[in-house]
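Dear colleague,

I am passing on the structure we spoke about, with the sequence alongside it. Please have it open while you read the notes that follow.

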Amino acid sequence: MRVVDLDRDMRDVIPTGTTRDSEFLFARMTDRTLGLARPGPGRRILDVASGFGQDAIALARRGAWVVGAEPSARMTALAALEAGKCDGPLPAWVRGWADGLPFASRSFDAVICKGAIDHFDRPTRAIAEMARVTRPDGRVVLAIANFDSLSCRWARAFDGLWEQWLGRPPRRGRRHYDVPQDHFTRYDLDLMREQASAVLELEVVEGISLAWGLPGWTRSVGRLPESAARASLLALDAIARRFPSLSDVVVLAGPPRAA
Ligand SMILES: C[S@@+](CC[C@H](N)C(=O)[O-])C[C@H]1O[C@@H](n2cnc3c(N)ncnc32)[C@H](O)[C@@H]1O
């Protein structure tokens with residue numbers, strides 16, 4: 001039996017940039033995901049699990065014809081409210097699950113799904129659905145947190161040493177390497193690549209941001225002068241891009257595999 005909450009309010013789990021490294025990470029993740037969808041006039045783009053709708057609205061602003069698909073009535077209503085504050089072309093909002101998208105095959109030039117696959121109870125079906133509704137020369141873009149990032153590994157090892165070897169109490173509450181309770185899957189690069197490459201010809205596999213959430217780093221980068229902080233974050237991001245297995249977020253993109 002599938003138990004679902006169609007009135008789910010995800011405001012508490014959608015992270016907002018409260019620290020400099022968080023702001024950088026979420027801005028880069030958004031820029032790269034939206035950029036890979038190549039928004040522009042005449043393009044038809046689907047945002048799967050569109051949440052508040054901010055990405056669908058941004059894509060529509062760049063001239064694309066956009067649909068935001070989201071199962072939660074509450075999130076869909078919040079997205080419509082947000083859109084009501086904006087001028088210009090707006091997305092269409094559709095209620096729908098990622099694993100049963102209510103669209104004809106090959107109807108979109110690009111499909112994006114950002115920061116959401118780990119919330120899905122049927123992620124492989126969802127990715128197959130995204131491939132189905134994308135044109136053969138189109139592109140599916142997936143962006144997902146990497147729970148095996150360098151930062152997660154480092155912090156996990158350090159906390160293990162602190163708590164188990166030194167017998168000290170935990171230094172903080174929920175750690176960024178703990179998988180939140182509302183996630184069905186703990187993704188790392190290998191799992192994401194395996195699931196995505198089953199239905200997509202992967203053209204892009206890259207990382208975004210390095211060292212996000214490491215307590216010492218978050219504090220240090222917060223204290224640096226603006227330009228030095230930006231330069232450091234960009235330098236780490238350039239490393240992450242080449243070594244996605246270590247990065248904080250992984251982005252994968254490509255057209256559907258030929259049937
Ligand atoms: C963390 S939010 C991300 C929202 C948005 N993509 C963003 O980047 O802000 C995850 C979203 O996935 C949606 N969701 C959860 N399970 C889903 C499913 N099976 N199919 C489609 N969307 C789902 C939730 O309602 C929620 O809006």
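In this predicted model, Leu150, Trp154 and Phe158 together make a nonpolar patch of about 310 Å² on the surface. Of these residues, Phe158 belongs to helix α5, which spans residues 150-165, and Phe158 counts as partly exposed because its relative accessibility is 37%, a value that falls between the limits of 20% for buried and 50% for exposed.

Turning to the sheet, you will find that 7 strands make up an open sheet with mixed pairing, in the order β3-β2-β1-β4-β5-β7-β6. Its edges are formed by β3 (92-94) and β6 (204-208), each of which pairs on one side only, and neighbouring strands are turned against each other by 15 degrees on average, if direction is ignored.

At the β6 edge, strand β6 runs antiparallel to β7 (residues 249-254), and the two are joined by 5 bridges; if you would like a single pair to look at, Glu206 has Val251 in β7 as its bridge partner.

Two helices are worth following against this sheet. Helix α1 (residues 20-36) lies across β4 (108-114), β5 (134-145), β6 and β7, and its direction is at about 165 degrees to that of β6. Helix α4 (residues 123-132) also packs on the sheet, where it touches β1 (44-48), β4 and β5, and the direction of α4 makes about 145 degrees with that of β5.

With best wishes

Terms used. Residues numbered from 1 in each chain as written. Predicted model: local features only at pLDDT ≥ 70, side-chain atom pairs only at ≥ 80, totals over all residues. Heavy atoms only, no water. Pairing = 2+ DSSP bridges. Helix = DSSP H or I, 4+ residues; strand = E, 2+ residues; numbered from the N terminus. Axes fitted to C-alpha atoms, helices over the stretch in contact; angles between N-to-C directions. Contact = heavy atoms within 4.5 Å. Patch = residues over 30% accessible without salt bridge, like charges linked within 9 Å, V, L, I, M, F, W, Y side chains within 5 Å. Areas by Shrake-Rupley, 256 points an atom, 1.4 Å probe, with all protein chains shown as cover. Salt bridge = Lys/Arg side-chain N within 4 Å of Asp/Glu carboxyl O. Buried < 20%, exposed > 50% of the residue type's maximum accessible area, 1.4 Å probe, protein only.
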